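User: Please take me through the packing in this model, briefly.

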Amino acid sequence: MPEALDSALAEVRALLLAPGLTRAVAAGRRRGQRPSVVRAELRPVALKSGPRLQIATSDGSRPHTRNVAPGAEADAAVDELLAEPFGNWHVETADATIQLRVTKSGEAQVHRAAASRTAGEPERHDRAKEWLLDPGDPLFREIGGSAAKRRQVDAFLRALAATLPDDLTGPLRVVDLGCGNAYLTFAAYRYLLRRGLDVTLVGVDVREDQRRRNTELAERLGWADRVSFVAGTIAEAPVEPAPDLVLALHACDTATDEALARAVRWDARWVLAAPCCHHDLAAQLRARPAPGPYELLTRQGILRERFADVLTDALRAGLLRLHGYRAEVVEFVDSQHTPRNLLIRARRTAGAPTDGQRSEYRELVGQWGVTPRLETLLAERA
């Protein structure tokens with residue numbers, strides 16, 4: 001390991017184990033090497049048992065989170081991550097931010113910046129949460145700046161940040177299917193623009209009045225040349241060229257399936273879908289007895305509805321996997337803000353599904369005697 005890289009990693013290690021750590025992310029890979037996980041995020045958390053360092057990793061298909069105690073346990077966990085050949089480290093503390101990038105030749109490029117503080121504010125290690133989009137951003141004057149809305153925007157942007165590669169460059173085409181009043185659409189554009197990306201974004205909603213309203217807002221913000229809106233259905237609204245990133249946030253019932261199917265048809269590189277209500281499979285479950293010994297899961301109406309939610313999103317993730325995506329279902333905002341807080345996050349790999357994955361899916365739908373709407377839509381593509 002070059003001496004400069006060794007020194008930079010030592011600096012990163014010191015910040016990761018310091019009391020003032022706010023958040024750190026490791027991602028990417030060095031030339032000719034591959035980490036055992038595609039991403040790692042570290043942050044301090046306060047548990048009943050005391051302070052812990054939370055480490056969330058993902059292997060590209062499923063996340064894993066653990067909380068390690070300060071001292072030897074945290075030291076060992078951090079050293080294990082630093083030994084991985086990540087190409088990028090981004091570390092934020094109460095006082096500074098450091099970005100480490102490993103070049104193709106194995107050299108270390110380090111950028112350091114002091115954390116900004118309000119004039120007269122004392123230095124301390126209990127700073128408020130760092131927002132991905134400043135609550136004082138002028139955008140919130142247009143879309144509304146309530147605390148609940150800011151929290152939901154921040155949670156969504158963190159999910160978006162976790163989906164896109166840290167070293168992403170070049171043009172990025174985005175479509176938001178079922179965008180509604182588009183406040184998350186505009187927030188996504190603002191965030192991606194601040195990351196230095198060349199973004200064009202199209203919002204789709206079935207209502208013409210929403211299209212006019214959102215277009216006027218884009219004009220007021222000075223973004224009309226890069227952010228546009230069309231009125232039409234998720235399945236048929238004209239969107240050209242095909243997008244790299246598809247968003248579908250709280251599209252009701254099978255509208256989420258329409259969005260996922262269209263994303264697959266586009267061969268979109270990334271998909272973020274937050275499902276809303278799940279009526280389709282719930283109705284199918286009501287229409288026939290449950291397979292034994294699972295009658296207790298569907299006998300009570302409320303349990304049947306909740307099980308239908310879980311089954312629907314599990315099958316959606318499984319179908320995406322069968323069509324060349326790595327998909328995971330995660331919680332993207334606390335349930336106190338919205339009960340519909342799950343997010344299907346998918347990345348296209350173009351890898352062919354295995355016989356085991358096909359069999360796993362077929363056995364599940366066969367046992368329950370259901371036909372997911374997404375399966376029907378994707379079959380129409382073939």
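The turns below cover a nonpolar core and a helix pair.

Analyst: This is a predicted model, in which local features need pLDDT of at least 70, side-chain atom pairs count only at pLDDT 80 or more, and totals for chains, interfaces and linings use all residues. Residues are numbered from 1 along each chain as its sequence is written, and side-chain values use heavy atoms, with hydrogens and water left out.

User: Which helix gives the most to the largest nonpolar core?

Analyst: A nonpolar core is a set of buried Ala, Val, Leu, Ile, Met, Phe, Trp, Tyr and Cys residues joined through side-chain atoms within 4.5 Å; buried means under 20% relative accessible area (1.4 Å probe, protein chains only). The largest has 43 residues, and Phe-156, Leu-160, Phe-186 and Leu-192 touch the most other members. With 8 residues, the top contributor is helix α5 (residues 183-194); helices are DSSP runs of H or I, at least four residues, numbered from the N terminus. The name asked for is α5.

User: How are α4 and α5 oriented to each other?

Analyst: Axes are lines fitted to C-alpha atoms over the stretch in contact (heavy atoms within 4.5 Å), with angles from 0 to 180 degrees between N-to-C directions. The axes of α4 (residues 147-163) and α5 come within 10 Å and cross at roughly 55°. Angles under 35 degrees count as roughly parallel, over 145 as roughly antiparallel, 65 to 115 as roughly perpendicular and the rest as oblique. So α4 and α5 are oblique.

Terms used. Buried < 20%, exposed > 50% of the residue type's maximum accessible area, 1.4 Å probe, protein only. Helix = DSSP H or I, 4+ residues; strand = E, 2+ residues; numbered from the N terminus.
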